[in-house]
Amino acid sequence: MFAAEIFMHRFLLSSAVRTFNPEEADWFYTPVYTTCDLTPSGLPLPFKSPRMMRSAIELIAMKWPYWNRSEGADHFFVTPHDFGACFHYQEEKAIGRGILPLLQRATLVQTFGQKNHVCLKDGSITIPPYAPPQKMQAHLIPPDTPRSIFVYFRGLFYDTSNDPEGGYYARGARASVWENFKNNPLFDISTDHPLTYYEDMQRSIFCLCPLGWAPWSPRLVEAVVFGCIPVIIADDIVLPFADAIPWDEIGVFVAEDDVPKLDTILTSIPMDVILRKQRLLANPSMKQAMLFPQPAQPGDAFHQILNGLGRKLPHPKSVYLDPGQKVLNWTQGPVGDLKPCLHEMKTISVYRIRPLDKTVVSDSREDRMNRLTQLTQAAGMKGEDRQPIYSPENSSPSSRRSDGLMADRRDVTEIKVPTSCALGGRNLDKNYRERQMESFRCDVM
């Protein structure tokens, strides 16, 4: 359900909207795959996502000029986490983290949407979670099959591993469903996930779509595709593609506090209203808008995203920055997001280097020491001004040089880097090294 970023990337690689000339581009897309960092059980691990995103943005800002001219205002990113670019599945921690500061001018394409929420950025495009089209297609049953189940739900009611005290998960709405209707014959609800799950949804009139850790749920896509009226239990949710899908007409909205009255609410809906909702759900274009098929098809979720991006064009001149103008602070945000390595810092020196002897030589210890003597006697040497990077007093394996290069001590800059970026003396993080200068080398002091 987090795979939309992968399929959006695949779609754009072969899409007619792609241009190989960046000067023609209205939008720039950077595939980062932040949800592909998984726990051993296969669940997304969002804690490294901010650092992955920062690293990607620093790379494109350093390598190409297009990010810097607008600080990302003409770039978009797919962030299908529970709470989008807040990158955490627990709402309280997601709110505390906030949207990654570097993304404050970019457009976010995200599954999360909730009105007046810290994690929903103005101008974001809300999309459905990914659901496998081929798999669902393989489970279709005849459309005239009677819908004999009144209310259907399969999933967690309590997340005891992450919310042992209860009440926080789903803001208590799922627990309320279970406590109030576990013995109600109109409700077919369970934590079991049978092999007939998709077929059962096609035999149901109403499918519960309550919030989980986040307001959205993959059941929303499944319900629409299988013609089951979605019962949306998530206060202030922002639903995907509202211009293409008439959610008020195909769904039923129940406030989280009204869950105990769910049976009364659903049984009081007139039959003609139910039939009208079912007719609308049978519209193939509505189902198509919720899916990411391979290959893409007209009116599918890919095209709905392009429509959303198209409505934001043309970019006003105000999004482009004047020379030297900066909006973003690269060091803003939680400390853990700022560095891709450990936080224990070590001072290193950055030397400007220059070639003295390009002759290919062997690297035995004797040859290194002989070459050291030659280097220190090289013309123009002035005592403390110049010296090789390695010396008899500092000849550890991590600091020796055998490439005939000499450091100029007058061009030394001291910087601090995480220790894990400085393993082995000069193994400084590649992005950081490239940001300094290609002609600089690093050595641990």
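1. A residue is called buried here when its relative accessible area is under 20%. In this predicted model, Phe7 has a relative accessible area of 12%, and because that value falls under the 20% cut-off, Phe7 counts as buried.

2. Aromatic rings are a good place to begin reading the structure. A pair of aromatic rings is described by the distance of the centres and the angle of the planes. The count of such pairs in this model comes to 19, and one of them joins Phe7 to Tyr130 in a stacked arrangement, with 4.3 Å from centre to centre and 5° between the planes. Phe7 belongs to helix H1 (residues 4–13), whereas Tyr130 sits in the loop between strand S4 (125–126) and helix H5 (133–137), so this pair ties together parts that lie 123 residues apart in sequence. Tyr130 is also buried, its relative accessible area being 13%.

3. A second pair deserves the same careful reading. The ring centres of Tyr29 and Phe76 are 4.9 Å apart and their planes meet at 25°; because planes under 30 degrees apart count as stacked, this pair is stacked. Tyr29 is found in strand S1 (residues 28–29) and Phe76 in strand S2 (residues 75–78), so the pair ties together parts that are 47 residues apart in sequence. Tyr29 counts as buried at 18% relative accessibility, and Phe76 counts as buried at 4%.

4. The pair described in point 2 also belongs to a wider group, since ring pairs link Phe7, Phe11, Tyr130, Phe292 and Phe302 into a cluster. When you look at the structure, it may help to display these five side chains together.

5. Turning from rings to a residue in a loop, Val254 is placed between strand S9 (252–253) and helix H10 (262–267), and at 4% relative accessibility Val254 counts as buried. Which residues does Val254 touch, leaving aside those up to four places away in sequence? They are Val231, Ile232, Ile233, Ala234, Asp235, Val259, Leu262 and Ile265. For Ala234, which is 20 residues away from Val254 along the chain, the two C-alpha atoms are separated by 7.7 Å.

6. Ser217 offers another loop position, placed between strand S7 (204–210) and helix H8 (219–225), and Ser217 counts as buried with a relative accessibility of 4%. The side chain of Ser217 makes a polar contact, at 3.0 Å, with the side chain of Arg219. If residues up to four places away in sequence are not counted, Ser217 touches Pro129 and Pro210.

How values were computed:
Residues numbered from 1 in each chain as written. Predicted model: local features only at pLDDT ≥ 70, side-chain atom pairs only at ≥ 80, totals over all residues. Heavy atoms only, no water. Phe/Tyr/Trp six-rings, centres within 6.5 Å; stacked < 30°, edge-to-face > 60°. Helix = DSSP H or I, 4+ residues; strand = E, 2+ residues; numbered from the N terminus. Buried < 20%, exposed > 50% of the residue type's maximum accessible area, 1.4 Å probe, protein only. Contact = heavy atoms within 4.5 Å. Polar contact = N/O pair within 3.5 Å; in protein donor to acceptor, adjacent residues only side chain to side chain.
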